[in-house]
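Me: Could you take a close look at one part of this protein with me? I'd like to get how the strands and the helix beside them fit together, and I'm new to this, so please explain the terms as you go.

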Amino acid sequence: TTATTATVTTGYTRLTVLPAEKSYSDQTGRFPKRSSRGYQYIFIFYDYDSNAISRGIKPKLHVLDNELSDDMRQVILATDTTIQRVPPHNHRRNAAERAIQTFKNHFIAGLATADPKFPVREWDRLIPQAVLTLNIMRECRINPKLSAYAYLFGQFDFNATPLAPPGTRVIAHEKPQQRATWDPHGVNGWYVGPALEHYRCITCYIPSTGKERVVDTVQWFPHVVPIPAASTDDYLRQAVADIIALLNTRQQHPTLAVNPTTEQIVRQVAELLQRATPHPPTISLPANTIPAPRVTANPSHANPSTTATTNNANPVPIPRVRAPANTLQPNANPIAVPRVGASTTGLQPNENPGVVPRVGASPNVLQLPRVLKNKRLTTNKQQHEQDRPPWTPLHQLRRHQQPAQHFRTTQQRIQHIHTQQQQHCGHVFHPNTGKKQSLKGLMLDSTGEADIWTTACANEFGRLMNGVGGRVKGTNTMRVIAKSNIPADRKVTYANFVCDLRPNKPETHRVRMCVGGDKLTYPESPSSPAAGMTEVKLLLNSTISTEGARFATCDIKDFYLNTPMDRFEYIKIHRRQIPAEIILEYNLHNNFDAQGYLYFEIMKGMYGLKQAGLIAWEQLVRNLAPHGYHPVTYTTGLWTHAPTGTLFTLVVDDFGIKYTNREHAQHLFNTLKKYYTISIDWSGSKYCGLSLDWNYDDRWVQVSIPGFVGKAQERYQYEPAKQRDAPHKWTTPQYGAKIQYAKDIPDE
């Protein structure tokens, strides 16, 4: 604080107030939700002289609690500030305690005005505006005529720095240079505060990028605080003020016309108040002028006695036009507005040039026809569908007599994948049409596997409920509930069944129930931290760069299915998707509604829920924290164990682990086994769909996706006319050169 004096007049006494130049600080309690940037506490710094709750102040005396680390003590002493601690167990001596209460009340009020869909994990981005507005409203102690903000930083210019309710939903405009040609002109975002270093700009949080952006053009969508608009009372008060202004004016005003229209009255009042806009000249006709008749479709049908002819200089009104009936053809192009013929109205061509006739003012005027679909295009499309060759099943593909080792042709690659299908997992496709099969089609399949898929579906219901047939153990993830017991403010979604073939699993025919999360809403941000491809590449490079390091992978079984939820969700499933075994074992005959739906209450995480990944990740953090495993700050997809130095990335439920001692990795596996069922791969050859070929001695790893191209060719039934090893001729790159030049092609 600047060491200046302030003179305050109280009655007949003039007092000179000297600045105390002292400050107080303390820390708030833990915020209920950890922010996306890892914050959970707010540090309050209170300046006594300005009565401000702010930062950037350099006092001479700083008062704080007894809890003080050595690092913080050294930082305070480095600024030539004296430290004073309050008496033990007496927090009232610290003025920051009252400042914390004031700030919390102000910050909670700001959160209450935020949009209900504002992500709570971004609460820390609203702190700068909360501090700014709070100091603007607080009175300065040195000079009560100034606010705390004005005493420290000067008067706040609301015109240069506009403010808005925190957490308001906006659409931020994207400049043409920052978007593609056909991209939307705006992006969804949230207002989090002003941009103090920009003129008339605001700071928005963009969920799609997870970053803040300074923008100058936004569209507001307020939820609690509406955009200011003039009400009926405002218009009435303005009208009364205008009448009083007219009555107080002594100048003579022209009288209104006899029996005036509303438009004339409004214009006359506007002219008196000097608010009128220029009025176009009024066209008047002579008393003996006959109005022009309508234009008929056939000029020969016009009545000669009603044709308007005049030699007066004043122009006559342009007649309305009726579209000729013979122009409405079913397959014709959209017709244009017909021109007014001179012979039908009696007008000369040069009497009133440039006037566009009015069309459609009368109910008798025919409307323009819609453009019908061109039959020729439809015929071509049908012909194209007829000419398209039928889909060829894989079992009918030509087999080679001798297997090729390097698969020089595409046909060989497709055939190899088909013969090795039992070693890969995939969706279920119809053997004749090649289309992906649904659960309904598989349960009614005529190929002899209908009973197998029905049993697999019953196993999935039993796994999510309380078991079935004694062969599947239940997880109590969902239970049957009456429709009337569903809360009125909750949405009911559908269930989607995904069918897969897993030859390497104990249950080869697999059915998994997914919740239709697109129909459900979640009050918070449902995104869960996960490692990206960048973190995975860094971990792989770190493994081969560290002497003695090894890589292993681990997978958690049913990671999303055993996580309790505080907020239950609800789904409905039709009778035809529920196996008869489930209906009989749970006695569900009388629980279906009139439409044949059965309603379930979801109590634990399931596939498809928006928040399933988040609550599973939060439970994993709680389970591993007592054992010393924590996400890395600002890179929550990367985890570390400080005592052993073990690093691992987490992608959904897949662990990629770097360790230097096998016992260290085993410690992580033993910890996970306490809470989950896991599978371990010490070779680390498969991770996130990537095949890893490790060479620890020479320190390199080869990353590949075998069979990716062949699977794509099999899926899309693509067979090129000739062999193509590369899309273009190979040019050896010049390593280390900033610019790669193409080789010159000699002239032939």
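Reply: Here is a walk through one helix and the strands around it, with a few stops elsewhere at the end.

First, some ground rules: this is a predicted model, in which local features need pLDDT of at least 70 and side-chain atom pairs count only at pLDDT 80 or more, while totals for chains, interfaces and linings use all residues. Residues are numbered from 1 along each chain as its sequence is written, and side-chain values use heavy atoms, with hydrogens and water left out.

Let's start with helix H14, residues 612–624. Names like that come from DSSP runs, numbered from the N terminus: helices are H or I with at least four residues, and strands are E with at least two. The expected span of a helix is 1.5 Å times one less than its number of residues. For the 13 residues of H14 that gives 18 Å, and the end C-alpha atoms are 18 Å apart, so the two agree.

How much of H14 is covered? Ten of its 13 residues are buried, so H14 is mostly covered. Here, buried means under 20% relative accessible area, exposed means over 50%, and partly exposed is in between, using a 1.4 Å probe and protein chains only. Among the buried residues of H14 are Leu614, Ile615, Trp617 and Leu620. And what does the covering? The list includes strands E19 (564–574), E21 (629–632), E22 (635–641), E23 (646–651) and E24 (654–659), along with helix H15 (662–673). These are in contact with the buried residues, where contact means heavy atoms within 4.5 Å.

Now to the strands. Strands of a sheet pair through backbone hydrogen bonds, either parallel or antiparallel. Two strands count as paired if DSSP finds at least two bridges between them. E22 and E23 are antiparallel, with four bridges, and Thr640 sits opposite Leu647 in E23. The hairpin that these two strands make has four residues between the strands, and Gly645 there takes a positive phi near 80 degrees.

Carry on along the chain and E23 meets E24: five bridges join these antiparallel strands. Phe648 stands opposite Ile657 in E24. This hairpin has two residues between its strands, and Val652 in the turn has a positive phi of about 60 degrees. Why call E23 largely enclosed? Five of its six residues are buried, so the rest of the structure largely encloses E23.

E24 has another partner too: E18 (550–556) pairs with E24 in the antiparallel sense over six bridges. Thr553 has Gly656 as its bridge partner in E24. E18 also runs antiparallel to strand E25 (residues 678–681), joined by four bridges, and there Thr553 stands opposite Asp681. So where does that leave E18 for cover? Five of its seven residues are buried, so E18 is mostly covered.

Next, look at the rings. A pair of aromatic rings is described by the distance of the centres and the angle of the planes. Rings of Phe, Tyr and Trp (its six-membered ring) pair if their centres lie within 6.5 Å; planes under 30 degrees apart are stacked, over 60 edge-to-face, and the rest tilted. The structure holds 21 such aromatic pairs. In one of them, the ring centres of Phe648 and Phe655 are 5.3 Å apart with planes at 45 degrees, so the pair is tilted. Both Phe648 and Phe655 are buried. Ring pairs also link Trp617, Tyr629, Trp639, Phe648 and Phe655 into a cluster. Trp617 is one of the buried residues of H14, which ties the rings back to our helix.

What about disulfides? A disulfide is a covalent bond between the sulfur atoms of two cysteines. The rule used here asks for a pair of cysteine sulfur atoms within 2.5 Å, and the count comes to zero. Take Cys499: its closest cysteine sulfur, in Cys457, is 7.7 Å away, too far for a bond. Cys499 is buried at a relative accessible area of 3%, whereas Cys688 is partly exposed at 32%.

One last stop is Glu174, in the loop between strand E8 (169–173) and strand E9 (186–194). Glu174 is buried, with a relative accessible area of 18%. Its side chain makes a polar contact with the side chain of Arg213, at 3.3 Å. A polar contact is a pair of N or O atoms within 3.5 Å; within protein, one must be able to donate a hydrogen and the other to accept it, and residues adjacent in sequence count only if both atoms are side-chain atoms.
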